[in-house]
Every structure is written in structure tokens, then in C-alpha cells.
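Work through the exercises below with the sequence and the coordinates at hand. Each task is followed by a worked solution.

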Amino acid sequence: MLLEGSPEISSQRQTAPGQVQPQAPPLLARTANGVEEWLEKISSPVLLNLCSLLLPRQKSHCARHNPMDSLQFSPVLFTLVSLFVSIIILLFPFRKKLPYPPGPKGYPIIGNMGMMDQLTHRGLARLSKQYGGLLHLQMGGLHVVAVSTPETAREVLHDIVFANRPANLAIVYLTYDRADMAFANYGPFWRQTRKICAMKLFSRKRAESWASVRDEVESTSRKVLEKTGEPVNIGELVFALTRSITYKAAFGSSSNEGQEEFMAILQEFSKLFGAFNVADFFPWLGWIHHAQDFKRRLARSRNSLDGFIDTIIDEHIITRKKTRESLDSKDENEEVDTDMVDELLAFYSEDASKNNFEESKPGTIKLSKDNIKALIMDVMFGGTETVASAIEWAIAELIKSPEDLKKVQQELVDVVGLNRKVHESDLEKLTYLKCAMKEALRLHPPIPLLLHEAAEDSVLNGYRVPARSRVMINVWAIGRDPNAWEDPDKFKPGRFLDGKAPDFKGKDFEFLAFGSGRRSCPGMQLGLYALEMAVAHLLHCFTWGLPHGMKSDELDMNDVFGLTAPRAVRLVAVPTYRLNCPF
Ligand code: HEM
């Protein structure tokens, strides 16, 4: 809903939405009341003067004038009076402003910057307990609104006004000025790139991505086999697994060549995305030394990425040309293996710019090299840490809950048997495993805070949300809301055996692991496939014990906050081979 009224004047918070008419803040009240009083004082004489000037015959007070006389009002007078009143309304919008959502009181200028460390899923959940499910913080010049209830999450995720993404200076620079999908604001460019990605990169039809999941999961299981009987760092293992899956799906390289270099670039990007930069909160401080240093660091990182991906794109362009020539002389229907760069290059044009397509004409979008680079980064960021963190949490929760682990492994014996490995077709029948994956995603959503931005001044639950506010949906808190979930902090996969339990497909706002609505995760199917395949393989081929006699209830289940929320302490466990057949 759009907010009617003027630009910001001041802020004063009110605690109970909808109960009382919001109190105007003192300055606002002063301004509005002042204008109203002034208008009251001046309106009668001014109107009287206008009446007497323009209707010299009507000498008496307009209000006391015979009603029949009003019929003699000249059109000129009527127009002038209307004009005058309109100007007054436009110049002095004395409609009272709504308050911001409740939140801790801040200091002048810096607002709540002292609470910067609270901008995590846990910190915001704590503050929401104190101030309510819709919370407001003022970080310098930036308004932050945190949502921690399913009902308000529904309002935000269904409203087109909140379909933009916030982006700090680092993100804007490193995504080539939002030339990607994940950070593009809602609009025609985003819609078209999302269509391309959904059809060409993440679709089930793109068999190569699914094949790269299978190959890499098998190769990871083989690595574990070599380490049976000794502690294996499952966290590092699964991060290496998902990095390889996305790297190969993106670049199609059959070897690991270049992977280390690329991952180092990504790590630096990741640090820069989350780094504190004063200019993000006070744009007028952008000139200071720290901000300049930061800009140099950004430039260095983007140059490294350019150097790396430009070479890959150029190689692909040459290979595509050669393949097309050889296909011309051979069978047209011959299948050619493609990776994501190939798929995106089909839309490549040297003269592409962000807005050079007509939405009404499908297929008119052209991608520049910057678009291709930025979209590949989306895949790498969207598909690596998220899936790895989900796999590690799922295995950790199952090890911590031996009863549930037993049920999952028994189901694997019943459905697959110990004489072979898991196949893709088995997954549909592994009901308890799927429930356990859902439960792990509920307790540990890989993206615990959804980041959205208000495109315009708007109203949420009766409170004011100014344009460009950062609106964060606390998926982690919502997944543990005691009003929505029984025993919210307990790992109980059985809750999902009930067909009525909320699902994460986007319709139930109690469970938002993949988001919902326009900006929901386009890689959900691929991500779930990788998660289920990896966990099924690792639990079917091996039994896992904790090292050094550690008991399952001693397992540290803390998380850290970054782009995702992985385990604070890597999961380490000792595998024993479980199958009756050679691997
Ligand atoms: C377990 C795995 C995954 C989880 C839990 C997950 C979760 C999410 C969430 C919560 C969002 C944001 C939704 C919002 O802001 O409302 C998102 C967006 C996104 N995800 Fe995923 N994701 C996963 C896997 C993947 C994979 C495998 C890919 C790509 C290969 C991917 C690519 C993306 C992209 C590009 C976006 C941005 C979409 C947009 O802004 O329009 N994700 N994901």
C-alpha cells in the first residue's frame, strides 16, 4: 500500500498498531497543528476578501449569505477558490504522518548504529521479542525494518513494492551495477533474466546440471571411502562438493583446473559484500580515507574476476563457433554438451545494454559480457554455500538425534537395499529422509534473513516504511515461531509426515527456506536435488560416529552469520563403510 503524505519530517514511535490513532510526533504535530490553526485564522478573511473582490454585489459574509445567492457565484470565483485551496493543500500537507514501526530509541544522526551487531537473525529475533514482529531500526541514514511473523511476511512478499533488493556500494560495484538477477531491482530486466535463468540454467530439462550433481556426489563418496575409520571434516568435504557442482555446471570444465583461483576470488567477494563501509550509511562521508581504500579493494577484486571469466567466455565463444561450423558439415541433431556459459552466450551481443530489449517481444533480450559474468556469480553464490550449509546441518542434526538417524538409514535399507548405491529414482520413495531435510531447513535456513527493499513510501501493518528501507524477513525466527510450530526448537522430522504440515514451496509463510513470491529461489529444485542426493549417499554408504568418544548430545549446534548461516564449528565424524557391495 502506498503512503500518502509528504517527505519525512521526524520520527516518533508508537507501540500498539491499530489500537489508537497514532500520535503525531511533537515536531510533526507542531507543524501540522500550526498550519491548521493558521489556515483557520486566515481562511475566513481571505475567502471573504476574495468574495468581496470578485462578487462586489455580495457584501455580507459568505457563510451567512442567502443560499440562493450562491447560485450567482461566478465560475471565475469558483476556479480561483479551488485553485487557492489546492495550492494550500499541496504546499502544506497537514495529514498526520504515521509512525515508524516500534523499535529501540536511537541517537540523533547515528540512530541505532550502536546496535549494528544485532543485525543478525538471532539479534533481530531477540529484539522482536521485545518490540514485536515488525521492528524498526535507524542505521545512520538507512531505515531497517525486520519482520518476524508469518502474517507480516506474507504482506511483504506479496507486495510488489517490496520486490526490490537492497544493495550496498560493494554489491553494486561487484555485480557490474546490478547486471545480474539476484541484485537487479524488480522490473523488465529482472523479469527477462529470471525467465532465461529459469528456463536455461535451473530447469530440470537442463540435464547437465543434474548430471554434475550425480558425478560430484559419487566422487565425494569415493573420497570418504578412502578415509574410513578416521575423522572426516564433513563441513569442508561438502563445501568442496557444492563448489565443484556449481563450478562444473557453470563452466563445464571436466578438470578442477582454475577452481582454486576462482574460489579465492569468490571468498574475497564474499568478504567485501559483508564488509562495513561507512558510506553505505552516510553517503556524504564517501570521501573519507577508509571509503577510498575500500573502493581500491573493490576494483582489485573485480579486475581479478574479469581476468578469470573473460578468458573462459572468450574460449567458449571460439568453441561455439567451431562447433557450429562442424555441425554445419555434420548431423544437425547431434547433441552437444553445454554448460551455463554456453546457455548464456546464446543471448550474447556485443552491443547489449541493460535496457535494449522490448518486453512485449520475447527473445529480444541481449546479454553483455558483464551480464554473463554477474549471472554466473549469482549461480556460484546462490548454489554453493546454501546447499553445503544445508547438507552439513542435516547430517549434524541426524547424528545428534540417533533415533531419527536410525529411521532414515532403515528406510534406505528398505527402499534401496545394501547391495547398491542410491539412484535418482529412489529419492521419491525416501519419505523420512525428505522429512528430515525439511526439518533441517526449518531449523537452519541457509539464508536466515531475506533481504528486500521498499521501492516507495509504504505502509505495513499501519506503520510507515519509507522508500528504500531495508526490509528483512527473519526466516530463522519465523521457522521457530511457537505460534506456528509445536516444540519449535526441537528437531522432529516426523512433524512433516502429517500432510497438513507447512511446506517450503512458497505457499506457507511459516516456512520460508526458499522464500516466496517474485524473488523466491529459482534454484530450489536443483538445490533440493543436490541436498537429498548428497545426504542419501553419505548416510547409505556409511555409518557415522563422533570422534574422540564425543556423545551426540555434546555436539555444538551454534551458527555464524554471514551471507548464509553455517555451523560455527565444522562437523567432524568418522565413517564406516556400510554396503555389502564394492563401491
Ligand atoms: C538448499 C538450497 C537453497 C536454498 C535454501 C536457497 C534459498 C534461497 C532464498 C531464501 C532466496 C531469497 C528469496 C527471497 O529473497 O525472497 C534465494 C534466492 C536465489 N537463489 Fe537460492 N537457495 C538454494 C539453492 C540455490 C541454487 C542451487 C541456486 C542456483 C544454482 C540458487 C540461486 C538463487 C538465486 C539466483 C536467487 C535470487 C533470485 C532473485 O532475486 O530473483 N539457489 N535462494
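**Exercise 1.** In which sense do strand 1 and strand 2 pair, and over how many bridges?

Solution. The model is predicted. Strand 2 covers residues 142–147, and strand 1 pairs with strand 2 in the antiparallel sense over 6 bridges. To check the register, take Gln 138: its bridge partner in strand 2 is His 143. Then look at the turn of this hairpin, where 2 residues lie between the strands and Gly 140 has a positive phi near 60°.

**Exercise 2.** Is strand 1 mostly covered or mostly open?

Solution. Strand 1 spans residues 134–139, and 6 of its 6 residues are buried, so a residue here has 20 or more other C-beta atoms within 10 Å of its own. Next, sort the side chains by direction: Leu 134, His 136 and Gln 138 point one way, while Leu 135, Leu 137 and Met 139 point the other way. Both sets are buried.

**Exercise 3.** Which helix gives the most to the shell around the ligand?

Solution. Start with the helices that each supply at least two shell residues: helix 12 (369–383), helix 13 (385–400) and helix 17 (524–541). Helix 12 gives the most, with 4 residues. The shell has 25 residues, of which Gly 382, Gly 515, Cys 521, Gly 523 and Gly 527 come nearest to the ligand. By class, the shell divides into 15 nonpolar, 7 polar and 3 charged residues.

**Exercise 4.** Which residues have the most contacts inside the largest nonpolar core?

Solution. The core has 132 residues, and Ala 394 and Val 535 have the most contacts inside it. Helix 17 gives the most to this core, with 12 residues. Beyond its neighbours within four places in sequence, Ala 394 is in contact with Ala 436, Met 437, Ala 440, Leu 531 and Val 535.

Conventions
Residues numbered from 1 in each chain as written. Predicted model: local features only at pLDDT ≥ 70, side-chain atom pairs only at ≥ 80, totals over all residues. Buried ≥ 20, exposed ≤ 12 C-beta atoms within 10 Å, placed from the backbone. Pairing = 2+ DSSP bridges. Near = placed C-beta within 6 Å. Nonpolar A, V, L, I, M, F, W, Y, C, P; charged D, E, K, R; others polar. Core = buried A, V, L, I, M, F, W, Y, C linked by C-beta atoms within 7 Å. Contact = placed C-beta atoms within 7 Å.
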